[in-house]
Amino acid sequence: MELVFDGHNDVLLRLWRTMKAGGDPIAEYIGGVTNGHIDSPRARAGGLAGGFCAIYIPSGDLILKEPGASGHYDTPLAAPLVLEPSLEIALEKTAIALRLGRAGAWRICRSTADIRQAMADGVFASVLHMEGCEPIDADLDNLEVFYAAGLRSLGPVWSRNNIFGHGVPFSYPKSPDAGPGLTEAGFELVRACNRMGILVDLAHITERGFWDVAKITDQPLVASHSNAHALTPVARNLTDRQLDAIRETKGIVGLNYAVTMLRPDARDSADTPISDMVRHVDYLVERMGIEHVALGSDFDGATIPAAIGDAGGTQNLVAALRGAGYGDDDLKKICRENWLRILASAWRE
Ligand SMILES: [Zn+2]
């Protein structure tokens, strides 16, 4: 089994919904369920040993557009959110993460040594990530508090505009050059992340925002859960120029298992072969090199191929990559070592 450290999941979103419905998110994670993608038993069975766990504020008004006769679709951006209710949700999700840590169900990691130790101990290594910084104020006071709670990674925006920048819509086909980039507050946020040792994630940001970050950051460029635009031209995927910049900064792209970002027709169908995942990995590796490709499942955040199913099916992808010619050394890099190298750099170890 090849242990995987993964670039993105939304398990905290599912557990938060469980809590809001009156359930016990800690018991659900420890005991396991049949809905969703990640819990302790399924993560262990699939060799999903750790990953970035997103603190994400849902957009209630977002309804994905059905494809037209051409198969094309164009979903408008969700409306901007306001700070206070976003902060409240972020605190609730952070509390679930901290309680999972307190219960020993996973370990919140703040260094690559923490991650390696958790993986060696067989405890899920959780890195807290904020996906869209609506809970953060322009003065970045809340950033200090979330950092103290363990936050070590953030994306300035989700597919939505906020005080820090502009996100890309869920549209096909569409260029990621879909709007303006960072705001002045966004530049300040990136500078603060550089100072504090917080990873800056470029998934969901517009292409102009991507170049804005590239101009000022001293970290490798990172897209935690995105694929190749050349194969699946959705606005969320990365152009060849972006991939080249990621390679030049020794950055990384985590393969997103979301079928809409894998299939040539971008349709939301779980009946998507693993070969579509391998095709994207092949393309990313050819364009950037093996050092710059990793995994970023989007478990609990998207429709994924039925052949993977949930976290328990993670090794099916590993087996497919092995079958496509990736050797032990390549798989070790794709499955975890590339992420650990990036984190050591962003965290200034
Ligand atoms: Zn996402």
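This passage describes the pockets of the structure and the surroundings of one histidine. The model is predicted, so that local features need pLDDT of at least 70 and side-chain atom pairs count only at pLDDT 80 or more, whereas totals for chains, interfaces and linings use all residues. Residues are numbered from 1 along each chain as its sequence is written, and side-chain values use heavy atoms, with hydrogens and water left out.

A pocket is an open set of points on a 1 Å grid over the protein atoms alone, where a 1.4 Å probe fits and protein lies on both sides within 12 Å along at least five of seven lines; its lining residues have an atom within 4 Å of a point. The largest pocket has a volume (the space filled by probe spheres set on the points) of about 900 Å³. Its lining comprises 39 residues, of which Leu64, Phe170, Thr260, Gly301 and Ala302 are the closest to the centre.

The second largest pocket has a volume of about 190 Å³. Among its 15 lining residues, Ala43, Arg44, Leu48, Ala49 and Gly122 are the closest to the centre. Helix α3, a DSSP run of H or I with at least four residues, gives the most to this lining, with three residues.

His37 is located in the loop between α2 (25-31) and α3. This residue counts as buried (under 20% relative accessible area with a 1.4 Å probe, protein chains only) because its relative accessibility is 11%. Contacts, defined by heavy atoms within 4.5 Å, link His37 to residues including Arg14, Arg42, Phe299, Asp300 and Asp310, when residues up to four places away in sequence are not counted.

Notes. Helix = DSSP H or I, 4+ residues; strand = E, 2+ residues; numbered from the N terminus. Buried < 20%, exposed > 50% of the residue type's maximum accessible area, 1.4 Å probe, protein only.
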